[in-house]
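Trainee: I'd like to learn how to read a structure like this one. Can you walk me through it?

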Amino acid sequence: MKLAIKEAWKYQLLTYPNPAVGATVVKNNQVLSVEAHKESGSSHAEVLALKEAFLIEYPHSELKNIIDSKEIHEFLALNHNGFFRNCEIYVTLEPCNHIGKTPACAMLLETIRIQKVYIGTMDPNESASGGYERLKNANINVELNILKEQTDKLLYPFLKYQSGHFIFFKMAMREDKSITGGYITTQDSLNLVHNIRTKIDLMVIGGNTVRTDRPTLDSRFSVLKKSSDILIFSSKNNFDKSIPLFEIPNRKVTISSSLDLVKEKHFVMIEGGYNLFSKITETIDYMMIFVSHKIKYNEFNSIEFLGFKKEYSYYLNDYDEVVFLKKIND
Ligand SMILES: [Zn+2]
């Protein structure tokens, strides 16, 4: 389950509007595969983990070339050949039981007669839940609440955007907490930020950043290249309109001293520094901080943003650490 959780965090916020989910398949006490859901519309974590596990036993199977989730389901349902009978799967979230963009994972686990399913958190989303019931009714051994405290943390952003809004503050800083003076993190961090920018409904940025940095705020390092709408949070409207961010096609730029627009959106990213953070702390649910370390894998445990506590962190590469913080008492 720890491996599944770790894998899922790598795609946190990229799976919007779906939750971040990870899965691990084990056979004879050996880990065969660890996978995560990567983006909405693509295969769920369980399906990817089952596929990878099957390919370890049958590396030349035509399954290797099947990408479409529905087709993977169909292939495994027809060709599992009893392979999964002594496999166990660990899933951070209850396997889904409804046929949405992809077929139900609980149905697949039932069809292939998996030996045992370990679940972290039960699905609070009524339309997708029922996977546990289905597996129980099919006489499949299921164990619940495995590392639940950790799998719950993984689910928090999803629960927020389900309930209306998820608003997070993104910041990049060096180990010494400095944030000015050119690029802070490596290309890996930029790639991740650009990929997240293609998922959000709105990006908020402070007026001073626009005036000083003259940013583009596009998604050129992402696969989708979709640039989000922007709210420049500023009481003045004295911007040089030749700044690149105004020239991105199909982008709406709003300049306002009010955050009302934020409340109309489900998934909002605020990018800025300490100044902007202190001005709009009340509005924020969550933080994603990219910390650039001078020393490989140095631990950054001194982050203190009043009212927020660290949920999780991981390293993108030797030097860039991604730290998630959640508002306390939420
Ligand atoms: Zn599923």
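**Cysteines, zinc and a sheet**

Mentor: Let's begin with disulfides, and keep in mind that this is a predicted model. In general, a disulfide is a covalent bond between the sulfur atoms of two cysteines. With a cut-off of 2.5 Å between the sulfur atoms, the count here comes to zero disulfides.

Trainee: Which cysteine sulfur is nearest to that of Cys 87, and how far away is it?

Mentor: That of Cys 105, at 16 Å, and Cys 87 is in no disulfide. Cys 87 is also buried, with a relative accessible area of 0%.

Trainee: Then on to the metal. Which residues are the protein donors of the zinc ion?

Mentor: When you read a metal site, list the donor atoms and then their distances. For the zinc ion, they are ND1 of His 44 and the SG atoms of Cys 96 and Cys 105, at 2.0 to 2.3 Å. Water is not among the atoms, so the site may look incomplete.

Trainee: What spacing do these donors follow along the chain?

Mentor: The pattern reads H-x51-C-x8-C. His 44 and Cys 105 are 61 residues apart, so to speak linking distant parts of the chain: His 44 sits in the loop between strand 2 (30-36) and helix 2 (45-57), while Cys 105 belongs to helix 4 (residues 105-111).

Trainee: Are the zinc donors His 44, Cys 96 and Cys 105 buried or exposed?

Mentor: Compare the relative accessible area with the cut-off: buried means under 20%. His 44 has 19%, so it counts as buried. Cys 96 is buried at 8%, and Cys 105 is buried at 2%.

Trainee: Now the sheet. In what order do the strands lie?

Mentor: For a sheet, read the strand order, then the direction of pairing. Here five strands form an open sheet in the order 2-1-3-4-5, with mixed pairing. Strand 2 and strand 5 (141-143) are at the edges; each has a single partner strand, so one side of each lacks a neighbour in the sheet. On average, neighbouring strands are turned by 15 degrees against each other, direction ignored.

Trainee: How many bridges join strand 1 and strand 3, and in which sense do they pair?

Mentor: Five bridges, in the antiparallel sense, between strand 1 (residues 22-27) and strand 3 (residues 87-93). Thr 24 stands opposite Tyr 90 in strand 3.

Trainee: Which strands does helix 1 lie across, and which does helix 2?

Mentor: Helix 1 (residues 2-9) lies across strand 1, strand 2 and strand 3, at about 25 degrees to strand 2. Helix 2 also lies across strand 1, strand 2 and strand 3, but runs at about 140 degrees to strand 2.

Methods: Residues numbered from 1 in each chain as written. Predicted model: local features only at pLDDT ≥ 70, side-chain atom pairs only at ≥ 80, totals over all residues. Heavy atoms only, no water. Donors = N, O, S within 2.8 Å, 3.2 Å for Na, K, Ca; no water. Helix = DSSP H or I, 4+ residues; strand = E, 2+ residues; numbered from the N terminus. Buried < 20%, exposed > 50% of the residue type's maximum accessible area, 1.4 Å probe, protein only. Pairing = 2+ DSSP bridges. Axes fitted to C-alpha atoms, helices over the stretch in contact; angles between N-to-C directions. Contact = heavy atoms within 4.5 Å.
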